[in-house]
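Trainee: I would like to take a close look at a single part of this protein and to see how the pieces around that part fit together. Could you take me through it slowly, once we have the sequence and structure in view?

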Amino acid sequence: MRQSINDVFNTTLAAKGEQAATEQEMRDHTSFPSFVIALEDAKAELLAKGWWFNTTVYELVPDVHGLITKPDNVLAANPIPASGNQVFIGNVLINNLSGEPIDRPTRVVCFIDLPLEHLPPSAYAVVKYTTAIMSAGNLLSSGDLQIYADRLRRAESTLFAENTRQTGANRLQSNPRIRNLYRSVR
């Protein structure tokens, strides 16, 4: 499966009961502008949660103006260690208590905005079905809406399972006593 905007658009058209469109037909379609907005919203909402594939740590340093700014490709950034008094406001890191910009190098956890074609298949599926529901939801019968909602739930379950596996977030697997118990049973 090729992960493309055209594939997501055709999934949305299929949900509406319309025929698939070529890339040129897609751009000329009357619903394309609202579709693009729904697609960007769905992708940004998913990526802003932070997953194994779009989370990284940066050390940000002040620019020539003495300000630490959030990089362009970053949806969200949180200082490390988590400090309630350092926040990004208007893409500039400031001390929330004093209102002064932070002027020293700071480590931050960043959630990167990735292009659609660079998403893992499970994340791509979540974006695709979310976009279809957002774009065509009010035009769908309750049965058709349920079909797309079920597909979205399955894609989300797969994505959450992959994230748990990739980040080692499964506490049962990381607990040495349980891991040794499992080995002794096998």
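In what sense, left-handed or right-handed, does α1 pass α4 in their crossing? Please take α4 as the part to look at, and connect the answer to what surrounds that helix.

Mentor: Please keep in mind throughout that this is a predicted model. To your question, α1 passes α4 in a right-handed crossing. The axes of these two helices come within 9 Å and cross at roughly 45°, and α1 and α4 are therefore oblique to each other. On the α1 side the contact is made by D7, V8, T11, T12, A15 and K16, while α4 contributes Y124, K128, Y129, T131, A132, S135 and A136.

It helps to place the helix in the whole before going further. The protein has seven helices and five strands, and from the N terminus on its elements run α-α-α-β-β-β-β-β-α-α-α-α. Of its 186 residues, 37% are buried. Among contacts with a separation of 6 or more, 65% are between residues 24 or more positions apart.

The second partner of α4 is α3, and here too the axes come within 9 Å, although the crossing angle is roughly 135°. That angle makes α3 oblique to α4, and the crossing of the two is right-handed. Their contact is made by F35, A38, L39, D41, A42, K43 and L46 of α3, together with A123, V126, V127, T130, T131, M134 and S135 of α4. If you compare the residue lists, T131 and S135 of α4 appear in the contact with α1 and again in the contact with α3.

These contacts can be set beside the largest nonpolar core, which holds 40 residues, and in which F9, L46, F53, L116, L119, V127 and L159 touch the most other members. The elements giving two or more residues to this core are α1 (5–16), α3 (32–47), β2 (74–79), β5 (106–112), α4 (121–136) and α5 (142–167). The largest share, eight residues, comes from α4.

From the core we can follow one residue outwards, namely L46, which also takes part in the contact between α3 and α4. Leaving aside neighbours within four places in sequence, L46 is in contact with W51, A123, V126, V127 and L159. The first residue of that list, W51, is found in the loop between α3 and β1 (55–60), and it counts as buried because its relative accessibility is 4%, where the cut-off is under 20%. A polar atom of the W51 side chain lies 2.7 Å from the backbone oxygen of L46. Beyond its neighbours within four places in sequence, W51 is in contact with L46, L159, F160 and N163. The C-alpha atoms of W51 and N163 are separated by 6.4 Å, although these residues are 112 residues apart along the chain.

L159 then leads us back to α4, where S122 is found. With a relative accessible area of 6%, S122 is buried. Once neighbours within four places in sequence are left aside, S122 is in contact with A155, T158, L159 and E162. L159 is therefore listed among the contacts of L46, of W51 and of S122, and it also belongs to the core residues that touch the most other members.

Conventions: Residues numbered from 1 in each chain as written. Predicted model: local features only at pLDDT ≥ 70, side-chain atom pairs only at ≥ 80, totals over all residues. Heavy atoms only, no water. Core = buried A, V, L, I, M, F, W, Y, C linked by side-chain atoms within 4.5 Å. Buried < 20%, exposed > 50% of the residue type's maximum accessible area, 1.4 Å probe, protein only. Helix = DSSP H or I, 4+ residues; strand = E, 2+ residues; numbered from the N terminus. Contact = heavy atoms within 4.5 Å. Polar contact = N/O pair within 3.5 Å; in protein donor to acceptor, adjacent residues only side chain to side chain. Axes fitted to C-alpha atoms, helices over the stretch in contact; angles between N-to-C directions. Parallel < 35°, antiparallel > 145°, perpendicular 65-115°, else oblique. Left-handed = near helix turned anticlockwise from the far one by under 90°.
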